[in-house]
Amino acid sequence: MKVETSLNTILTSKTRSKLLCIFFENPKEIFYVRQLVRLSGEEINSVRRELANLKKVDILLSENRGNRLFYTPNPHHHLFNSLLFLAYRNSELVQKLDKAKLLLVSYHFLLWQKTHPDSIDLIVVGDLPLRTVENAINAEEKKRGVEINYMVMDQAELKLRQNKRDPFIVDFFLSLPFVIIGNPALLEN
């Protein structure tokens, strides 16, 4: 039985679910109402109502620029990290890699922040075809406009690298990555 992790099953409003995914898959981006209507495919009144609801509970911040009202996620809200995780769990990249045993991503990656060129952004653990992983990563790189540093390995190789204190793995785990797919217990020795 597959556990449903979609925001659509948790939230009662399909529009709210779509908006949260748009905002938290691109947490540094700002959006205006008509843009959100196009991206979500929902009716303008529904989008406006949900934006007002999300702003009322401080999940979103708003700012007037010219004759447009722009919205962005509130990074100081206590649910910011949880919503970031949930929205990213529903992203195209994760959907393409959903057969992985583990998918670990750095917090900087979730925030679309640039990191040191030697830093690992994500680790895919499992027996996925390399072509599948490459295609998913290439699509994400195109979307972000930056190169993504990633590693693909099976669970035995991950354990070996952890036990040998591989510097790349140690640095990655010191950044406190999010486990997007899989059970964090698989990381224990």
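How far apart are the mean positions of the positive and negative charges of the protein chain? They lie 7 Å apart, with 26 positive and 22 negative charges counted. The model behind this value is predicted.

**Fold and dimensions**

The protein chain holds 10 helices and seven strands. Its radius of gyration is 18 Å, close to the 16 Å that the globule rule gives for 189 residues, so the chain is as compact as a globular protein of that length. Along the principal axes, the C-alpha atoms fill a box of roughly 55 × 40 × 30 Å. Sequence-distant pairing is well represented: of the contacts between residues at least 6 apart in sequence, 65% join residues at least 24 apart.

**Surface and burial**

| Property of the protein chain | Value |
|---|---|
| Residues counted as buried | 46% of 189 residues |
| Accessible surface | about 11000 Å² |
| Share of accessible surface from carbon and sulfur atoms | 51% |

**Nonpolar cores**

In soluble globular proteins, nonpolar side chains tend to be buried together. Here, the largest nonpolar core has 40 residues. Phe23, Phe24, Leu51, Leu103, Leu122 and Ile180 touch the most other members. Apart from this core lies another, of 12 residues. Leu102, Ile120, Val125 and Met153 are among them.

Take Leu122 from the largest core. Neighbours within four places in sequence are left aside. Leu122 is then in contact with Leu93, Leu103, Leu104, Val105 and Phe109. Further along the chain, its contacts are Ile137, Ile148, Asn149, Tyr150, Met151 and Phe172.

Key. Residues numbered from 1 in each chain as written. Predicted model: local features only at pLDDT ≥ 70, side-chain atom pairs only at ≥ 80, totals over all residues. Heavy atoms only, no water. Helix = DSSP H or I, 4+ residues; strand = E, 2+ residues; numbered from the N terminus. Rg over C-alpha atoms; globule rule 2.2 N^0.38 Å. Buried < 20%, exposed > 50% of the residue type's maximum accessible area, 1.4 Å probe, protein only. Contact = heavy atoms within 4.5 Å. Areas by Shrake-Rupley, 256 points an atom, 1.4 Å probe, with all protein chains shown as cover. Lys, Arg positive; Asp, Glu negative; His and termini not counted. Charge placed at Lys NZ, Arg CZ, Asp CG, Glu CD. Core = buried A, V, L, I, M, F, W, Y, C linked by side-chain atoms within 4.5 Å.
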